[in-house]
Amino acid sequence: MTERRMILEMGTGNDLYGQDYTKAARRAVQDALHHSSITLFSKLGIDSAEMRVQVTIGVQRPEEVDCAAVAAELPRGRAEVRAVMGGLDVEDAETGNRHVIATAAVEAFLPDLTGKYRLS
């Protein structure tokens, strides 16, 4: 089945003192989700279960992100989460703390509806 990306939202999140990449990633996803109010599904009669949600998380230590925990942040659709090199770590030389900043791209794909709807 052919899909089309219908939604792209971006967000950032951080963990300033815990140095937890998963916490920063979850916050980045929440930030992205809070930027949108999507009425597309109810307006077109589409079941949101048909939506595939692809999340890309950028952090300096992608191997430390629990992708299943990040996927649990998504309220709708079938989630796919991957962590890649990105984001930012800010070191505090005085305390030795590492402040973790994550970025998230949340993409929603729906079955191709070309030709099904028409503007009047």
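Q: Why is Arg 26 called partly exposed in this predicted model?
A: Its relative accessible area is 36%. Buried would need under 20% and exposed over 50%, so Arg 26 falls in between and counts as partly exposed.

Q: What makes Arg 26 and Glu 73 a salt bridge?
A: Look at the gap: the closest N and O atoms are 2.6 Å apart. The cut-off is 4 Å between a side-chain nitrogen of Lys or Arg and a carboxyl oxygen of Asp or Glu, so this pair qualifies. The two are 47 residues apart, with Arg 26 in helix α1 and Glu 73 in the loop between α3 and β3.

Q: Is Glu 73 buried or exposed, and how do you know?
A: Buried, because its relative accessibility is 17% and the limit for that word is under 20%.

Q: Why is the pair Glu 107 and Arg 5 said to tie together parts that are 102 residues apart in sequence?
A: Start with the contact: their side chains meet in a salt bridge, 2.9 Å from N to O. Glu 107 sits in strand β5 and Arg 5 in strand β1, so the pair ties those parts together.

Q: Which words, buried or partly exposed, fit Glu 107 and Arg 5?
A: Glu 107 has 13% relative accessibility, so it's buried. Arg 5 has 47%, so it counts as partly exposed; passing 50% would have made a residue exposed.

Q: What makes Arg 61 and Glu 64 a salt bridge?
A: Their side chains come to 3.6 Å, N to O, and that is within 4 Å, so the label holds. Arg 61 is partly exposed because its relative accessible area is 30%, and Glu 64 counts as partly exposed at 37%.

Q: How do you know that Glu 9 has no salt bridge?
A: Check the nearest side chain of opposite charge: Arg 5 is 11 Å away. A salt bridge has to be within 4 Å, so Glu 9 doesn't make the cut with Arg 5. Glu 9 is buried all the same, and its place is in strand β1. Leaving aside neighbours within four places in sequence, its contacts include Ala 32, His 35 and Val 106.

Q: Why is Asp 112 called partly exposed?
A: Its relative accessibility is 29%, which lands between the 20% and 50% limits, so partly exposed it is. Asp 112 lies in the segment after β5. Leaving aside neighbours within four places in sequence, Asp 112 is in contact with Thr 2, Glu 3 and Arg 4.

Terms used:
Residues numbered from 1 in each chain as written. Predicted model: local features only at pLDDT ≥ 70, side-chain atom pairs only at ≥ 80, totals over all residues. Heavy atoms only, no water. Helix = DSSP H or I, 4+ residues; strand = E, 2+ residues; numbered from the N terminus. Buried < 20%, exposed > 50% of the residue type's maximum accessible area, 1.4 Å probe, protein only. Lys, Arg positive; Asp, Glu negative; His and termini not counted. Contact = heavy atoms within 4.5 Å.
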